[in-house]
Amino acid sequence: MIILPISLTIAAGAALLNLWLSIRVGRVRTREKVFIGDGGNDLLTRRMRAHSNFVENTAFVLILLALVELGFGSSMWLWGVGALYLVGRILHAMGMDGMMWGRMAGTIITMLTQLGLALGALAIVYTTPTNITTTEIETVAAEPR
């Protein structure tokens, strides 16, 4: 069995963050009685976009994180990247509520995280020596009895 502790931990953190973002949207929906769409409510629109933006980016990050962990192994670098990504997404969500520096910081962290993981994945593929051997398979027909 292969266990990826970094990827599993960051995925669990992302799931909890996703729930938090959903609850934030739900609170505004309930308070403003808007059950479909955004009802023209600015705060609801911003919270919906923060949640959607999280979903749009997190799948790429988690896939890359898991594949890099498989190819490279666990490392403090990878732990840091995963944790930084989650912090960036929290900052982005807070920024969407008006803390503008948080939105910018969260966006930059998200982009750098994806770039770093993508470059790391490419480095694993193109700098890892491979020993690929082929084996010829001889096909033998069985004689009828």
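Exposed means over 50% relative accessible area, buried means under 20%, and partly exposed lies in between. The model used in these exercises is predicted.

**Exercise 1. Classify both partners of the salt bridge between Glu-32 and Arg-31.**

Step 1. Take the contact. The closest N and O atoms of Glu-32 and Arg-31 are 3.4 Å apart. The cut-off for a salt bridge is 4 Å, so the pair qualifies.

Step 2. Take Arg-31. Its relative accessibility is 51%, so Arg-31 counts as exposed.

Step 3. Take Glu-32. Its relative accessibility is 38%, so Glu-32 counts as partly exposed.

**Exercise 2. Describe Lys-33: where does it lie, and is it buried or exposed?**

Step 1. Locate the residue. Lys-33 lies in the loop between helix 1 (5-32) and helix 2.

Step 2. Check the backbone. Phi of Lys-33 is near 55 degrees. That is a positive value in a residue other than glycine.

Step 3. Check the accessibility. Lys-33 has 65%, so it counts as exposed.

**Exercise 3. Analyse the salt bridge between Asp-42 and Arg-46.**

Step 1. Recall the principle. Side chains of opposite charge can pair when their charged atoms come close.

Step 2. Apply the distance. The N to O value for Asp-42 and Arg-46 is 2.9 Å.

Step 3. Place the pair. Both residues lie in helix 2 (residues 42-72). They are four residues apart, about one turn of the helix.

Step 4. Assign the classes. Asp-42 has a relative accessible area of 47%, so it is partly exposed. Arg-46 is partly exposed too, with 25%.

**Exercise 4. Which parts of the chain does the salt bridge between Asp-97 and Arg-47 link?**

Step 1. Confirm the bridge. The closest N and O atoms of Asp-97 and Arg-47 are 2.9 Å apart.

Step 2. Place the ends. Asp-97 sits in the loop between helix 3 (76-96) and helix 4, and Arg-47 in helix 2. The two are 50 residues apart, so the pair links distant parts of the chain.

Step 3. Assign the classes. Asp-97 is partly exposed at 28%. Arg-47 has 15%, so it counts as buried.

Step 4. Extend the picture. Salt bridges that share partners join Arg-24, Arg-47 and Asp-97 into one network. The count for the structure comes to five salt bridges.

Step 5. Follow Arg-24 further. Arg-24 also lies over the face of Trp-20, at 4.7 Å from the ring centre.

**Exercise 5. How many aromatic pairs does a search of the whole structure find?**

Step 1. Read the result. The search finds one aromatic pair. The partners are Phe-72 and Trp-77.

Step 2. Choose the descriptors. A pair of aromatic rings is described by the distance of the centres and the angle of the planes.

Step 3. Fill in the values. Phe-72 and Trp-77 are 6.5 Å apart, centre to centre, with 75 degrees between the planes. Planes over 60 degrees apart count as edge-to-face, so this pair is edge-to-face.

Step 4. Assign the classes. Phe-72 has 52%, so it is exposed. Trp-77 has 43%, so it counts as partly exposed.

**Exercise 6. Which residues form the nonpolar patch on the surface?**

Step 1. List the members. They are Met-104, Ile-108, Leu-112, Leu-115, Leu-119, Leu-122, Val-125 and Tyr-126.

Step 2. Give the area. Together these residues have about 870 Å² of accessible area.

Step 3. Examine one member. Tyr-126 lies in helix 4 (residues 100-127). Its relative accessibility is 68%, so Tyr-126 counts as exposed.

How values were computed: Residues numbered from 1 in each chain as written. Predicted model: local features only at pLDDT ≥ 70, side-chain atom pairs only at ≥ 80, totals over all residues. Heavy atoms only, no water. Patch = residues over 30% accessible without salt bridge, like charges linked within 9 Å, V, L, I, M, F, W, Y side chains within 5 Å. Areas by Shrake-Rupley, 256 points an atom, 1.4 Å probe, with all protein chains shown as cover. Salt bridge = Lys/Arg side-chain N within 4 Å of Asp/Glu carboxyl O. Buried < 20%, exposed > 50% of the residue type's maximum accessible area, 1.4 Å probe, protein only. Phe/Tyr/Trp six-rings, centres within 6.5 Å; stacked < 30°, edge-to-face > 60°. Lys NZ or Arg CZ within 6 Å of the ring centre and 35° of its normal.
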